[in-house]
Every structure is written in C-alpha cells, then in structure tokens.
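Trainee: I would like to learn how to read a fold by looking at its contacts, cores and pockets. Could we go through one together?

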Amino acid sequence: MIIHSVLTDVEYEVLKKDGKLFCDASKTYYPNSDKIFKIAYDFMSSHLEKKFPKKNINAPFELKYPRWAWHTINGNTDIKKMNKFHFINNAKETTYLVSINIPDEQVLLSDFELWHCCLNAFPIFDRKEDEEMEHFVYHILKTQYFKIIKNEDDNIVYSFLCKKIFQSWEKIFDLSFYDEYYVSKERTIQAVFWYIDIKQVFDVNMYSCTQNEYDEYFRY
C-alpha cells in the first residue's frame with residue numbers, strides 16, 4: 001500500500017539517523033480542553049492494535065500512539081499533486097512529505113471526515129433525520145463524557161450512551177459507508193500505522209512557504 005506521511009524537519013532527521021520513526025507519547029500534550037481528543041486517539045490506537053499488534057515491534061519507548069499518513073485526499077491518491085498547503089501548518093516551516101510502500105496488513109484506513117466526529121465526541125448516526133437525536137446525546141455527554149470513560153459514573157444511562165457512541169465510531173473504518181450528511185463523494189482517507197521504516201520510503205518531497213504566501217492562501 002502506498003501512503004504519504006508529513007514530517008517536521010526534526011522528525012525527518014530522526015528518521016534518517018535512526019532508520020525508524022515512532023510516535024513518542026511522552027512528547028504528546030493534551031491541555032484540559034483537548035482531553036476529548038485523547039479519547040479519540042486511544043480509540044484509534046486500540047483498533048490498530050487489533051489489526052496489527054505491536055507486541056513484536058522493537059520501539060525505543062512504550063508505543064502508545066500510531067503515525068499518521070494520507071492515503072487519499074479529496075478522492076485523489078496522487079497526493080504529491082495536491083496543494084502544498086495540505087502539508088504546511090505554519091509560515092517559514094519546512095515539512096517533508098514521505099512516500100511509503102508498506103504492507104497492507106500493517107495499516108489501518110479510515111475516513112478523515114468521519115474521524116472528526118470522534119474528535120468531537122459526536123455519534124455517527126445512519127441518517128440525517130437523526131440529527132436532532134445526535135445533538136441531544138451530545139448535550140448530555142458534554143459534562144459527563146470523561147466520567148464515563150474513567151468509569152467514575154455508574155449511571156447506566158450514561159454508560160449506555162457512551163457504548164452507543166463508540167459503536168457508531170466503527171463506521172470510520174467502513175470505507176463503503178456513505179451518507180451525504182457526513183461524507184463527501186470525493187472522500188479523504190487517512191492511514192495509521194505504528195512506525196515509519198526508512199527502508200519502505202521511496203520518495204521524499206520538501207515543502208516550505210514565505211509569510212506572504214501563507215497569509216495570501218489563508219486570507220479567506
């Protein structure tokens with residue numbers, strides 16, 4: 001499978017030096033307002049673990065989170081032809097788009113748009129008519145979500161809703177699932193995997209921009 005991962009200049013140097021690049025959880029920062037993101041990332045990690053267990057991977061630290069990559073952007077698998085601002089977060093930074101040929105069984109694909117439901121603790125219902133119920137569930141969970149995850153609340157209603165939300169998130173892995181309310185016809189597909197092996201890298205493209213270019217592109 002061909003996927004493309006975006007690296008900072010620091011990450012790229014580590015990959016060249018060590019030959020492998022992992023996600024170091026000790027460098028991951030979650031402010032209080034983003035704890036809900038951690039729940040989503042734990043969910044993703046657990047599903048990659050089910051597909052490709054990390055027990056036989058020799059990592060330099062406890063391996064908790066995967067690396068991220070693009071498989072398809074807006075229906076296009078020729079990622080290198082995409083606008084460079086897909087790969088640049090800040091002006092004057094240098095990023096590297098690393099193209100990787102990796103065995104299919106080591107990669108977990110998911111829908112990028114649906115992933116944002118996970119990041120925001122939203123359930124993924126099957127039909128647009130369920131929007132009202134979706135907002136109702138989210139309203140309930142806003143103040144209870146973390147208690148549910150940590151099992152600090154034994155309220156059976158909240159526990160049931162949490163289970164239902166996690167079950168609905170499974171749809172992000174079903175790339176045949178389509179609902180115009182959630183998914184664009186030209187879908188974007190992301191990939192997660194445990195590490196980059198430099199032996200699997202077959203192409204590297206460097207991107208950068210000036211402050212003026214950045215301001216112009218994001219002006220609107």
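Mentor: Let's start with contacts, in this predicted model. A handy habit is to set aside residues up to four places away in sequence and see what is left. For L114, what is left is I124, K171, I172, F177, Y182 and V183.

Trainee: Which residues touch the most other members of the largest nonpolar core?

Mentor: L114 is among them, together with M44, W115, I124 and I172, in a core of 25 residues. The elements that give two or more residues to this core are helix 2, helix 3 and helix 6, the last spanning 156-169. Helix 3 provides the largest share, 5 residues. Another core, of 16 residues, lies apart from it, and its members include Y12, L15, I100 and F193.

Trainee: You listed V183 as a contact of L114. Where does V183 lie?

Mentor: V183 is in the loop between helix 6 and strand 6, which covers 189-193. A loop position can still be buried, so check the relative accessible area: for V183 the value is 3%, under the 20% cut-off for buried. Next, look at which residues surround V183. Beyond four places in sequence, the contacts of V183 are D111, E113, L114 and Y178. D111 sits 72 residues away from V183 along the chain, yet their C-alpha atoms are 8.1 Å apart.

Trainee: Is I165 in helix 6 buried or exposed?

Mentor: I165 belongs to helix 6 and is buried, because its relative accessible area is 1%, against a cut-off of 20%. Its C-alpha atom is 9.8 Å from that of C117, a residue 48 places away in sequence.

Trainee: How would I read a residue in a strand, say I3?

Mentor: Use the steps we used for V183. I3 is part of strand 1, and it counts as buried because its relative accessibility is 0%, under the 20% limit. Leaving out residues up to four places away, I3 touches A69, W70, H71, V98, S99, I100, I102, V107, A191 and F193. For W70, the C-alpha separation from I3 is 5.7 Å, with their positions 67 residues apart along the chain.

Trainee: V107 is on that list. What does V107 touch in turn?

Mentor: With the same sequence neighbours set aside, V107 touches M1, I3, K51, I102, A191 and V192. V107 lies in the loop between strand 4 and strand 5, the latter running over 108-111, and it counts as buried at 0% relative accessibility. Its C-alpha atom is 9.9 Å from that of P66, which is 41 residues away in sequence.

Trainee: What do contacts across the protein show about separation in sequence?

Mentor: Take the contacts between residues at least 6 apart in sequence: 82% of them join residues at least 24 apart. The protein has 7 helices and 8 strands, and of its 220 residues 43% count as buried. Its accessible surface comes to about 12,900 Å², with 50% belonging to carbon and sulfur atoms.

Trainee: How should I read a pocket?

Mentor: Begin with its volume, then its lining. The largest pocket here holds about 1,300 Å³ of space. It is lined by 40 residues, and V6, E11, C23, R67 and W68 are the closest to its centre. Strand 1, helix 1, strand 2, helix 2, strand 3 and helix 3 each supply at least two lining residues. Strand 1 gives the largest share of the lining, 5 residues. By residue type, the lining divides into 25 nonpolar, 8 polar and 7 charged.

Trainee: And what should I look for in the backbone?

Mentor: Look at the sign of phi. Most residues other than glycine have a negative phi. N74 is not a glycine, yet its phi is positive, at about 50°. K92, also not a glycine, has a positive phi of about 70°.

Trainee: Where are N74 and K92 found?

Mentor: N74 is found in the loop between strand 3 and strand 4, and K92 is in the loop between strand 3 and strand 4 as well. N74 counts as partly exposed because its relative accessibility, 41%, falls between the 20% and 50% limits. K92 counts as exposed because its 65% is over 50%.

Notes
Residues numbered from 1 in each chain as written. Predicted model: local features only at pLDDT ≥ 70, side-chain atom pairs only at ≥ 80, totals over all residues. Heavy atoms only, no water. 1 Å grid on protein atoms, 1.4 Å probe; cavity = no way out; pocket = protein on both sides within 12 Å on 5 of 7 lines; lining within 4 Å. Points joined across faces, edges and corners; volume = space filled by probe spheres on them. Helix = DSSP H or I, 4+ residues; strand = E, 2+ residues; numbered from the N terminus. Nonpolar A, V, L, I, M, F, W, Y, C, P; charged D, E, K, R; others polar. Core = buried A, V, L, I, M, F, W, Y, C linked by side-chain atoms within 4.5 Å. Buried < 20%, exposed > 50% of the residue type's maximum accessible area, 1.4 Å probe, protein only. Contact = heavy atoms within 4.5 Å. Areas by Shrake-Rupley, 256 points an atom, 1.4 Å probe, with all protein chains shown as cover.
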